Amino acid sequence: MAVKVSKDIKKTWDYERRLLNGYQMYLNLLERTWEGGRYGNSIHLTGGGGNNKSSSNKRRGGGGTPTTLAATSIIALSTLLQTNYNFNFRSNILTMVISCASHTNDEIRNACCSSLKIMFDKDVSGEASLEAVKRMGKVIKDGIKKFNNNGGRGVSVYKELLDCWMCLPLRVHEDEAAAGE
């Protein structure tokens, strides 16, 4: 069954579709920029959307300081999370920010953790916070495994990531509080 819509509605739908596509391309660019320069490697970005897995995106040797452009891209993602945590592609943004919340670079780690704390404070529905907590739990669990596999050497999970949980607004309903007493 075909639904007839006016030209204005079609025009609005096309505009919204293009806007959302542009936003997704921007997020992909930020992600590729971070992946390309997170270990201080040179960044080779190719045009188009999707995932570009070039040899420059792989970790070469041990760590390194992220490039300025890569740090700027992850800070931009952190800012997006603070302001638009209930917008489209939230899962993609959360994945990137939470994975960087345990980064060795203090500036990146603090920016990511700060944005998570702000999101926890602003999120009244709790949906974004629940998704973030689940992802953080996985990162912490993987960090502990990594720590144990390295014979207890090196830090895989930083204190700042755990401190984010202290900003979760835990609410107790009156009935539950009365039952607990």
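A residue is called buried when its relative accessible area is under 20%, exposed when it is over 50%, and partly exposed in between. Arginine 135 has 29% relative accessibility, so arginine 135 counts as partly exposed. Those cut-offs return throughout this report.

## The chain as a whole

This is a predicted model. The chain has seven helices and zero strands. From the N terminus on, the elements run α-α-α-α-α-α-α. The chain has 181 residues, and 31% of them count as buried. Its accessible surface is about 11,600 Å². Carbon and sulfur atoms supply 55% of that surface.

What share of the contacts with a separation of 6 or more joins residues 24 or more positions apart? The share is 63%.

## Helix 5

Helix 5 covers residues 127-149. This helix has 23 residues. From its first C-alpha to its last, helix 5 reaches 33 Å, close to the 33 Å expected at 1.5 Å a residue.

Which residues of helix 5 are buried? They are Ala128, Ser129, Glu131, Ala132, Met136, Ile140 and Gly143. The cover over these buried residues includes helix 3 (90-100), helix 4 and helix 6 (159-164). After helix 5 comes glycine 151, with a positive phi near 70°.

## Salt bridges

Side chains of opposite charge can pair when their charged atoms come close. The whole structure holds eight salt bridges. Among them are the three in this table.

| Pair | Closest N to O distance |
|---|---|
| Arginine 38 and glutamate 35 | 2.9 Å |
| Aspartate 106 and arginine 109 | 2.3 Å |
| Arginine 135 and glutamate 131 | 3.2 Å |

Take arginine 38 and glutamate 35. Arginine 38 is partly exposed, at 21% relative accessibility. Glutamate 35 is also partly exposed, with a relative accessible area of 21%.

Aspartate 106 and arginine 109 sit in helix 4 (residues 106-122). They are three residues apart, so about one helical turn separates them. An α-helix has 3.6 residues a turn, so residues three or four places apart point the same way. Aspartate 106 is partly exposed, with a relative accessible area of 46%. Arginine 109 is buried, at 4% relative accessibility.

Now return to helix 5. Arginine 135 and glutamate 131 are four residues apart there, about one turn of the helix. Is glutamate 131 buried or exposed? Glutamate 131 is buried, because its relative accessible area of 15% is under 20%. Arginine 135, at 29%, is partly exposed. This pair does not stand alone: Arg90, Glu131 and Arg135 are linked in a network of salt bridges.

## Cysteines

How many disulfides does the structure hold? It holds zero. Cysteine 164 is in no disulfide, and the nearest cysteine sulfur, that of cysteine 113, is 3.9 Å away. A disulfide needs two cysteine sulfur atoms within 2.5 Å, so a distance of 3.9 Å does not qualify. Cysteine 164 is buried, at 0% relative accessibility.

Cysteine 167 is in no disulfide either. For cysteine 167, the nearest cysteine sulfur is that of cysteine 164, 6.7 Å away. Cysteine 167 is partly exposed, at 31% relative accessibility.

Terms used: Residues numbered from 1 in each chain as written. Predicted model: local features only at pLDDT ≥ 70, side-chain atom pairs only at ≥ 80, totals over all residues. Heavy atoms only, no water. Helix = DSSP H or I, 4+ residues; strand = E, 2+ residues; numbered from the N terminus. Buried < 20%, exposed > 50% of the residue type's maximum accessible area, 1.4 Å probe, protein only. Contact = heavy atoms within 4.5 Å. Areas by Shrake-Rupley, 256 points an atom, 1.4 Å probe, with all protein chains shown as cover. Salt bridge = Lys/Arg side-chain N within 4 Å of Asp/Glu carboxyl O. Expected span 1.5 Å × (residues − 1).
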